[in-house]
Amino acid sequence: MNPLSVVVRTICDVFAWFMGIYGIYIIIHGHLTPGGGFQGGAVVATMAAFLLVSHGGKKLLSFAKPGFYSGIETAGLLIFITTGFLGLSATFFYNFLAGRGGLFGAVVPIGPNSGILNSAGTISVMNMAVGLEVIGGLSLILIYMFKGIRLFDDQTGGSETGHDR
Amino acid sequence: MKKKVLFLIAILVVAGVFWGALSRVHPFGEKARAPMDDYYLENAQQERSVNNVVTAIVFDYRGFDTLGEAAVLFTAVCSVLALFRKGSEGK
Amino acid sequence: MGMYAILFERNLIKIAIGITLLEASANLFLIVLGYRTGGSIPVFTLAGEVRSMVLPTPQALTLTAIVIGLATSALLLSLIMLLYRHYGTLDVREIRRLRG
């Protein structure tokens, strides 16, 4: 199997970081424009796929350790559950930060308007927590699937195929 | 070869029955009676101070479903990790 | 078309593509159900003049359904990889005959 040509590998190398910034923009502006936590997390996870195509598998496995992404994923899920428990005075998942000033608390005028970034209460915090979890989870799936293929090649004793060099 | 053609005709007949039944329930595009969604559209901006009604429904009015979905994602990642372990197959 | 791919194909990867196609069409059907004539998206940012909006509830529930379908297809592809390593072939009828 031939490795992909130099043009594809150079473009993937340049555009991987652009995907990272675009995904973080979609996650943070989740309460103003369509998007939010899950969609932005899936866009950032394609950054790992681009880096895998452009640099080859052996270099990626020495650069990105699975423990780092696993830590990001568990941190995101723990922040999500803690934010739910903090508003336990009224109900579970009560929005106790909206419309009261302070962190994420500005009041939004009624009717169509241009968005205010500081506005929604716990919705913004939960957006970012879910975004972190999806980034960690999907990147971990990609890395382990690639490790599984290399396991199979080492068993049959073949030489390195694909994009490795 | 004959079994394939028979299965194909059966699938087309079932699809036609579904289409005919669903298009007679409610005319497409008219104002369906949905009192819960009207409440969401009118009061979400005043109570929760957020501009995006879909995000308010997913994270605030129905936040419990999002908790269940995050758990499903976590479980799927854990089981994929458990399938690709080396050293436990072959003595 | 998804059902034809699931029932009649012999290669395992084509069956997986058929399952993904069927699940995507089900999600699309769920979103189309909440439509009002001449409505705009249910977001208030930079909207011109608001006349009527499309129902937002099916969109919120389809989000969850898409993520669950993704988890299903990821597990399906991992199992196909393990099957290929164990049996050496990807044909469905061969795998049915070789019983361990």
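How many residues does helix α1 of chain B have, and how far does the helix reach from its first C-alpha to its last? In this predicted model, α1(B) covers residues 2-22, so to speak a run of 21 residues, and spans 31 Å end to end, close to the 30 Å expected at 1.5 Å a residue. The helix is hardly covered, with a count of zero buried residues among its 21.

The rest of chain B is helical in its secondary structure too: the tally comes to four helices and zero strands, and the order from the N terminus is α-α-α-α. Of the chain's 91 residues, 29% count as buried. Confidence is worth a look before going further. Chain B has a mean pLDDT of 78, with 85% of its residues at 70 or more. Within the chain, α2(B) sits at the bottom with a mean of 75, while helix α4 (residues 63-83) comes out highest at 90. Where pLDDT is low, the predicted coordinates should not be read in detail.

With that in mind, here is the packing of two helices in chain B. Helix α2 (residues 35-48) and helix α3 (residues 53-61) of chain B pack at an angle of about 75°, and their axes are 10 Å apart. Angles of 65 to 115 degrees count as roughly perpendicular, so that is the label for α2(B) against α3(B). On the α2(B) side, the contact is made by Tyr40(B), Leu41(B), Ala44(B) and Arg48(B); α3(B) brings in Val53(B), Ala56(B), Ile57(B) and Asp60(B). Sorted by class, this contact has six nonpolar residues, two charged ones and no polar ones.

Chain A is built from helices as well, five of them with zero strands, running α-α-α-α-α from the N terminus. Its 165 residues include 32% that are buried. Among contacts in chain A with a separation of 6 or more, 71% are between residues 24 or more positions apart.

Leu51(A) gives a local view of that chain. The residue lies in helix α2 (residues 37-55) of chain A. Leu51(A) counts as buried because 21 C-beta neighbours fall inside 10 Å, and the cut-off for buried is 20 or more. Setting aside neighbours within four places in sequence, Leu51(A) is in contact with Ala16(A) and Leu60(A). Asp13(A) is 38 residues away from Leu51(A) in sequence, yet the two are 6.4 Å apart in space, C-alpha to C-alpha.

In chain C, α3(C) has 31 residues and reaches 46 Å from its first C-alpha to its last, close to the 45 Å expected at 1.5 Å a residue. The buried residues of α3(C) are Ala60(C), Leu63(C), Val67(C), Leu70(C), Ala71(C), Ala74(C) and Ser78(C). After α3(C) comes Gly88(C), with a positive phi near 85°.

On the other side of that helix, Ser52(C) lies in the loop between α2 (12-32) and α3 (57-87) of chain C. Ser52(C) is exposed, since just 11 other C-beta atoms lie within 10 Å, and the exposed class takes in residues with 12 or fewer. Ser52(C) and Arg36(C) are 16 residues apart in sequence and 7.7 Å apart in space, again C-alpha to C-alpha.

Notes. Residues numbered from 1 in each chain as written. Chains lettered and ligands numbered in written order. Predicted model: local features only at pLDDT ≥ 70, side-chain atom pairs only at ≥ 80, totals over all residues. Axes fitted to C-alpha atoms, helices over the stretch in contact; angles between N-to-C directions. Parallel < 35°, antiparallel > 145°, perpendicular 65-115°, else oblique. Contact = placed C-beta atoms within 7 Å. Nonpolar A, V, L, I, M, F, W, Y, C, P; charged D, E, K, R; others polar. pLDDT = per-residue confidence, 0-100. Expected span 1.5 Å × (residues − 1).
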